[in-house]
Amino acid sequence: MNARRAASRPTRGSARMTAVAVALAALGTVDAPAAPATPSARPGPVPVEEVRTAAGVLTVYRSAGRPQTVAPAPGDGDATPPTWATTCNGVNPKVCFAVDGSGYYVRTMENSTYYGASTWADIQIKSPSGAVVTGTSFHVTGGTWYTTTYTPNGYVTAGWWCGFSDANGGVYTGSCINVSN
């Protein structure tokens, strides 16, 4: 009997996806995902994925408790005072969407989503036109919060910005904040 087994489809797919991402990153593609995060021994949110685009950075974190929205430290080089607005909707998934900025100037947008059971998840942040400015799909562990962070650090289109999430391709749950002067 042969003791060596061929890699499973998910393993081969993961290895292929990692190889493609590394190759695209070497070519300078702005949409190439970073290497998968390794588990952290320290408590708190654990980075799961980071994607850099021309429009900003999408970072996905996993944590046991709902992430606390924290304003940047004083003296971060920006004269605009931090203003966080947060709203939540749903049960499973429960979506909490937060915006940090003043008027049309936005530093950060966060979609923190709680999943009660392990599932395939799609987490997005959408602009007022309905365009997905950041989004990611992956398998989540139940009983955990996942946070995607979009960091435009600049002026954005006025209107309703939203965080949307779904489980197993079902109906999306969303939470929105009106960015205005």
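Here is a short question-and-answer tour of this predicted model.

Reader: Before we start, what are the ground rules?
Author: Residues are numbered from 1 along each chain as its sequence is written, and side-chain values use heavy atoms, with hydrogens and water left out. Since it's a predicted model, local features need pLDDT of at least 70 and side-chain atom pairs count only at pLDDT 80 or more, while totals for chains, interfaces and linings use all residues.

Reader: What does the secondary structure of the protein come to?
Author: Helices (H or I, at least four residues) and strands (E, at least two) are DSSP runs, numbered from the N terminus. Along the sequence the pattern reads α-β-β-β-β-β-β-β-β-β-β-β. That comes to one helix and eleven strands.

Reader: In what order do the four strands of the open sheet come?
Author: Pairing here asks for at least two DSSP bridges between two strands. The sheet's pairing is antiparallel, and the order is 7-6-10-11.

Reader: Which strands stand at the edges of that sheet, and why is one side of each left without a neighbour?
Author: Each edge strand has a single partner strand, so one of its sides has no neighbour in the sheet. The two are strand 7 (132-140) and strand 11 (173-179).

Reader: How many bridges pair strand 10 with strand 11?
Author: Strand 10 covers residues 159-167 and pairs with strand 11 in the antiparallel sense. Phe164 sits opposite Gly174, and Ser165 opposite Thr173. The count is seven bridges.

Reader: Which residue in the turn of that hairpin has a positive phi?
Author: Strands 10 and 11 have five residues between them in the hairpin. The phi in question is about 55°, and it belongs to Asn168.

Reader: Which residue in strand 10 stands opposite Ile125?
Author: Strand 6 (residues 119-126) runs antiparallel to strand 10, with six bridges joining them. Across from Ile125 in strand 10 is Gly163.

Reader: Which elements give two or more residues to the largest nonpolar core?
Author: A nonpolar core is a set of buried Ala, Val, Leu, Ile, Met, Phe, Trp, Tyr and Cys residues joined through side-chain atoms within 4.5 Å; buried means under 20% relative accessible area, exposed over 50%, partly exposed in between (1.4 Å probe, protein chains only). The largest one has ten residues, including Phe97, Val106, Trp161 and Ile177. Apart from it lies another core of six residues, among them Tyr115 and Phe138. The elements giving two or more residues to the largest core are strand 4 (94-102), strand 5 (105-115) and strand 11.

Reader: Is strand 11 mostly covered or mostly open, and how many of its residues are buried?
Author: For the protein as a whole, buried residues make up 33% of the 181 residues. Strand 11 is mostly covered, and the number of its seven residues that are buried is five.

Reader: Which residues does His139 contact, leaving aside neighbours within four places in sequence?
Author: His139 is in strand 7. Ser118 is 21 residues away in sequence, with 7.3 Å between the two C-alpha atoms. Taking contact as heavy atoms within 4.5 Å, the partners of His139 are Ser118, Thr119 and Trp120.
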